[in-house]
Amino acid sequence: MKPTILVTGGTGYIGSHTVIELLEEGMEVVIIDNLSNSNLEVLDGIEDISGKRPHFEKVDLRDRSSTFEVFEKYSGIEAIIHFAAFKAVGESVEKPLAYYENNLLSLIHLLEAMKKYGVPNLVFSSSCTVYGEPDSLPVTEEASIKKANSPYGNTKQICEEILQDTIESSPENGVISLRYFNPIGAHPSAKIGELPIGVPNNLVPFITQTAFGIREQLNVFGQDYNTPDGSAIRDYINVVDLARAHVVAIRRLLEQKQKSSFEVFNLGTGKGISVLEIIRAFENTTGQKLNYRMVDRREGDVEQVYADTAFANNELGWKAEKGIEETLLSAWNWEKYIRLKATT
Ligand code: NAD
Ligand code: UFG
């Protein structure tokens, strides 16, 4: 029997790449998404790439009864991957209640459904933002959790606490929280990728849009950090590598005999790369000259953060494989593909 996996936020950026990996593993996939930050065309891209179309339910997880109806309709869901959330750091400062409502209520309704319908396993999308400015590098899973510097970051911390408390009272459940570092890039087919709405906040979509001529100039935030070239350092992880880690996490939960577990894994490459190094790698791999200038630091940014990947590598048996140039090229190919599609 093929296991059935419920993927919330499955038409979003990381969710859609993960759905492909699950389908390619022969798993049955049911997506819940309210399309607040994605669109239905993503399902065509998934089908084009994998040859299979996942089940899709347009449901808002803030609505408990509609969420429960999905569990009634697809009996036999064995695990959930919970991507659905609002994720813009700046917006969360302006609209904190919307973030607390969406990100917390969605998780609570899923946990209620797990109990009611006997679904034992959940993988949660967390973030390295929970570590804030780390005391030492690379960051291990044991590093202390710092006070969140945005309501968005706080929702990730609170969600992890909710999961931990729930697990303690539900010995039949297993939960894995995956703390992503900086996911970038697109599927190598260029048929799915990241679709930021409006002006991108994140570095790589801003770079590809600038190279394409949609933005005039990239601002590099900060040139006086205590790093070799003065720009900030992050751990950029290819989205397909990241997606594969979810399949491994799901298999681990499905095979687990002893439940009542709450495990946390860092998902990164283990390598810190500066903003200026990213720009150079993008120029080298695409042949595009990037128009950029150095400006002041962006408020709320940490100086450097990159993962200690030993626990994920050894315990999960998963490792990031794709290099930065290949990843940046995939982002560039995706940018060209969507712009071309918009004009035809
Ligand atoms: P995304 O916005 O592309 O995908 C999220 C999807 O969830 C969207 O399709 C959206 O329509 C849907 N959604 C949101 N609220 C919903 C609700 N109430 N009901 C149903 N659907 C809802 O984001 P992403 O980049 O794919 O991120 C996925 C997860 O990973 C999020 O939880 C995010 O916080 C986390 N994360 C992302 C990053 C990153 O840099 N992209 C880094 C760390 C963690
Ligand atoms: N940057 C620029 N110019 C830009 C955009 C970004 O110089 O136009 C710099 C930032 O200052 C930072 C680096 O590029 O030094 C990466 O910035 P991103 O906005 O791409 O990513 P962040 O590390 O700030 O944040 C990301 C996600 C958050 C998540 C965090 C940790 O956007 O949601 O990773 O997981 F919380």
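**Figure 1. The loop between β2 and α2 holds L35.** This is a close-up of a predicted model. β2 covers residues 28–33. L35 sits in the loop that links β2 to α2. The phi of L35 is positive, about 60 degrees, although L35 is not a glycine. Most residues other than glycine have a negative phi.

**Figure 2. A190 also has a positive phi.** The value is about 65 degrees, and A190 is not a glycine. A190 is found in the loop between β7 and α7. Strand β7 spans 182–184.

**Figure 3. A cis peptide bond joins L137 and P138.** Omega is about -10 degrees at this bond. Most peptide bonds are trans. P138 belongs to the loop between β5 and α6. Strand β5 runs over 121–127.

**Figure 4. Helices α1 and α2 pack at an angle of about 35 degrees.** Helix α1 comprises residues 13–24. The axes of α1 and α2 are 10 Å apart. The crossing is right-handed. From α1, the contact uses S16, V19, I20, L23 and E24. From α2, the contact uses V42, I46, I49 and S50. By class, six of the contact residues are nonpolar, two are polar and one is charged.

**Figure 5. The second largest pocket holds about 200 Å³ of space.** Its lining has 14 residues. Closest to the pocket centre are E41, V42, K191, W334 and K341. Helices α2 (41–50) and α11 (324–343) each supply at least two lining residues. Helix α2 gives the most, with five. The lining of this pocket divides into six nonpolar, three polar and five charged residues. V42 appears here among the residues closest to the centre, and V42 is also part of the contact between α1 and α2.

**Figure 6. Helices α7 and α11 cross at roughly 55 degrees.** Helix α7 covers residues 203–212. The axes of α7 and α11 come within 10 Å. The two helices are therefore oblique to each other. Their crossing is right-handed. On the α7 side, the contact residues are V204, P205, T208, Q209, A211 and F212. On the α11 side, they are L328, A331, W332, E335, K336 and R339. Seven residues of this contact are nonpolar, two are polar and three are charged.

**Figure 7. Helix α7 also packs with α9, at an angle of about 40 degrees.** Helix α9 comprises residues 275–286. The axes of α7 and α9 lie 11 Å apart. That angle makes α7 oblique to α9. The crossing of α7 and α9 is right-handed. L203, I207, T208 and A211 of α7 make the contact with V275, I278, I279 and F282 of α9. Seven of these residues are nonpolar, one is polar and none is charged. T208 and A211 of α7 take part in this contact, and T208 and A211 also meet α11.

**Figure 8. The largest cavity has a volume of about 110 Å³.** The count comes to two cavities of 30 Å³ or more. In the largest cavity, 14 residues form the lining. E194, P205, T208, A331 and W334 are the closest to its centre. Helices α7 and α11 each supply at least two residues of this lining. Helix α11 gives the most, with five residues. By class, the lining of the largest cavity has eight nonpolar, three polar and three charged residues. P205, T208 and A331 reappear here, having been named in the contact of α7 with α11. W334 is among the residues closest to the centre of the largest cavity, and W334 is likewise listed for the centre of the second largest pocket.

**Figure 9. The second largest cavity contains about 40 Å³ of space.** H82, F83, A84, A85, N103, F124, T155, K156 and C159 line this cavity. Helix α6 (residues 151–169) supplies the largest share of the lining, three residues. The lining of the second largest cavity divides into five nonpolar, three polar and one charged. Helix α6 also bounds the loop of P138, on the side away from β5.

Terms used: Residues are numbered from 1 along each chain as its sequence is written. Chains are lettered from A and ligands numbered from 1 in the order in which they are written. This is a predicted model: local features need pLDDT of at least 70, side-chain atom pairs count only at pLDDT 80 or more; totals for chains, interfaces and linings use all residues. Side-chain values use heavy atoms; hydrogens and water are left out. On a 1 Å grid over the protein atoms alone, a cavity is a set of points where a 1.4 Å probe fits but cannot get out, and a pocket is an open set with protein on both sides within 12 Å along at least five of seven lines; lining residues have an atom within 4 Å of a point. Grid points are joined across faces, edges and corners, and a volume is the space filled by probe spheres set on the points. Helices (H or I, at least four residues) and strands (E, at least two) are DSSP runs, numbered from the N terminus. Ala, Val, Leu, Ile, Met, Phe, Trp, Tyr, Cys and Pro count as nonpolar, Asp, Glu, Lys and Arg as charged, and the others, Gly among them, as polar. Axes are lines fitted to C-alpha atoms, for helices over the stretch in contact, and angles run from 0 to 180 degrees between N-to-C directions. Angles under 35 degrees count as roughly parallel, over 145 as roughly antiparallel, 65 to 115 as roughly perpendicular and the rest as oblique. A crossing is left-handed if the near helix is turned anticlockwise from the far one by less than a right angle, and right-handed if clockwise. Contact means heavy atoms within 4.5 Å.
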